[in-house]
Amino acid sequence: MQFKSILLGLTAGLLATSAYAAPVFNRIASFPVELNNPEAKATSSEIITASEDGLTLVYSDSPAGGIGFIDITDAKAPKAAGFLSLEGEPTSVTIIGNKVYAAVNTSESKVNPSGKLVVVDLASKAIEASVDLGGQPDSITHNAAGTLIAIAIENERDEEINDGAIPQLPSGYLVLLSLTGGALDPESLAKVELAGLAGIAPEDAEAEFVSINGLDEVAVTLQENNEIVIIDGKTGAVKSHFSAGAVSLEGIDTKKDGALKFTGKLEDVAREPDAVKWLDDNRLVVANEGDWNGGSRSFTIFNKDGSVAYESGPSMELEAVRIGHYPDARNKKGVEPEGLEAATFGEDKLFFVAQERSSLVAVYKDAGAGAEPEYLQSLPSGISPEGLVAIPSRNLLATANEVDLREDGLAGSHVMLYERTEGEAAYPQLISDLDADGHPIGWAAISGAVGDAEKPGILYAVSDSVLSAQPAIYEIDATAKPARIVKKTVITRGGDAAQKLDLEGITLDGEGGFWVASEGRSDRLTPHALYRVDADGKITEEVAFPEALLPNEIRYGAEGVTKVGDTLWVAIQREWKDDPAGQVKLLGYNTKEKTWSAVRYPLEAAAEGAWNGLSEITAHGDYVYIVERDNQIALKAALKKLYRVPVSALVGAEIGGELPVVTKEEVRDFIPDLASNNGYVVDKVESFAIGADGTGYVISDNDGVADSSGETFFWSVGTIQ
């Protein structure tokens, strides 16, 4: 199958339109799960389910040892509805009627696994029963009639032993339980052996995920064994099993090198499926996570007999590339598909693929047996989406995003809600075209921008050290919706991609080229410097920061550059050692006289535990416009604003002497803009550019999807006077 040609045809179709076709999913709310358990040091939302009336969400919270409840009566304003400790590690949840069924890991070690099924009353949140499962559970599900529960008992491997290679006994298996009249019958527990089936380490079945079709047939993925087993849920008999097989991939990035080059290939990569969902009684779709030896980056639709009905190859991943969500640091495994959901909305049979490392959920329309599914859109979903639940009766989708990075000063785990409505997709807001060779233009971490002097809506942007091996200038057409990266020009020195650059700012040089500012860091041999670059990306001039400045260096350097007359003005992010607290330098470099000067800019007072600094500087008319922000995210974000300083105040003094302090005026608060995306408020508003017609544009930096949701927001703030 020619995956590349499939991608090109699909992408060409998408680029021919200004927005995805209606109806679409758009995010309408985001719920930080820390609100359900504020005393917990770490919280998570992993697997998520919904009550039958669609008004309550329940999620497993492994690090906190319980399950959380969210009231979504008003889906646009979800409310904390409580947390229940289950004295163990919940791995999965499902709801039948008014009962929550939680699979809980109670293992004392990998070699001595144990677990239980806990039954909780949804209304009272009281534990009503507990059933010993005999091993460590992973996934739980039930049939449509609510009469059968299936639980995958993984008895997971220890990744610290023998590089995680299997076999590592004891083996996993499947548990089946019956309900009669809505009541669980503990005596019905049946253990279905899965050992001896797979071609890889058959004695150690690593059961991962379960799904039940309309015939009460249970599909079980054995991820590390690369096997799928079909079981009769009524009798417990193994009906069939087959290898998930392997794929060969072309047009992918295979090197973790700080450059996005989609020209590599991998041969015979094991699929290693994680989540599985039946699309009908004869076809099932699997998310090929490739957590052990894999890296297939894909999803596969299998017929029940094990034949492949459709293989996505790298096409889903390459759509993530186009919207800036590709994780270069995960090149062996790529976007790592993990979670799945399938549901019918109106007349459309849809399925959703959660990508752990790109933090996206791809939406597909199932076209039925013998036809390729139709890619519809990708949804931004917090950090590391794992669980999904569709609520078609309310046109809703919810995702559970497991990673909690609050201890590192970053975002915590969130549950996010999306509504399917007529209209345009709110995300992505910035996408890329294909390059001359037919590959998607790779991009991430937009850190500075400038408007073209003559063409309204045309911007030029740079990315930072995330792509240090391929520093580039991106041409953006902001008149398109979403805005489009139409060209990428790699910055070169001596004919090769320039090294030791951390680009944070860009401005026009007035002669068809650019000046770019690189944030230095002496301990990494990255110089603090300005570089003049011609239209082809060649560095034609290098200007190091003055020696008088460098003894006072800290790691936070140049964050923006703009040109006023013959002088380049550089915004330094934070106070250096010679700055008074709460004041940062704006450095002036006169390109004609080759001299340096500086003024000081007064920062807003930072909240406790936070710092404030500068992220951009842009000249327009009688002012320079400066982005000032804190380093806080989500619930703690307090300062993301645009200020302006009169150009007349930029009268620099000699560095090392007394520097004048400029006055500033607030222009716009960006926090309402960021909050309008209905996720959490991101921390890095890094770019502000003003087009030839005076329109202001703002771009956030997604950090290259490293400890980040990968979301890039691009919006206009209207005409700048």
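Three exercises on this predicted model follow, each with a worked solution.

**Exercise 1. Place Asn36 and decide whether it is buried or exposed.**

Step 1. Find the element. Asn36 sits in the loop that runs between strand S1 (24-32) and strand S2 (48-50).

Step 2. Check accessibility. The relative accessibility of Asn36 is 9%. Buried means under 20%, so Asn36 counts as buried.

Step 3. List the polar partners. The side chains of Asn36 and Tyr59 make a polar contact of 3.1 Å. The Asn36 side chain also reaches the backbone oxygen of Phe69, at 2.8 Å.

Step 4. Add the other neighbours. Leaving out residues up to four places away in sequence, Asn36 touches nine residues' worth of surroundings including Phe31, Gly68, Ile70 and Phe83.

**Exercise 2. Work out the strand order of the open sheet that contains S20, and find its edges.**

Step 1. Read the order. Four strands run S20-S21-S22-S23, with antiparallel pairing.

Step 2. Find the edges. Strand S20 (273-278) and strand S23 (308-311) each have a single partner strand, so one side of each lacks a neighbour in the sheet.

Step 3. Note the twist. From one strand to the next, it averages 20°.

Step 4. Inspect one pair. S21 (residues 283-288) and S22 (residues 299-303) pair over five bridges. Val286 stands opposite Thr300 in S22.

**Exercise 3. Identify which members of the largest nonpolar core touch the most other members.**

Step 1. Name them. In this core of 38 residues, they are Phe25, Phe352, Phe670, Tyr680 and Phe688.

Step 2. Separate the other core. Another core, of 30 residues, lies apart from it and includes Trp443 and Val335.

Step 3. Follow Tyr680. Beyond four places in sequence, its contacts include Ser30, Ile383, His414 and Ile633.

Key:
Residues numbered from 1 in each chain as written. Predicted model: local features only at pLDDT ≥ 70, side-chain atom pairs only at ≥ 80, totals over all residues. Heavy atoms only, no water. Core = buried A, V, L, I, M, F, W, Y, C linked by side-chain atoms within 4.5 Å. Buried < 20%, exposed > 50% of the residue type's maximum accessible area, 1.4 Å probe, protein only. Contact = heavy atoms within 4.5 Å. Helix = DSSP H or I, 4+ residues; strand = E, 2+ residues; numbered from the N terminus. Polar contact = N/O pair within 3.5 Å; in protein donor to acceptor, adjacent residues only side chain to side chain. Pairing = 2+ DSSP bridges. Axes fitted to C-alpha atoms, helices over the stretch in contact; angles between N-to-C directions.
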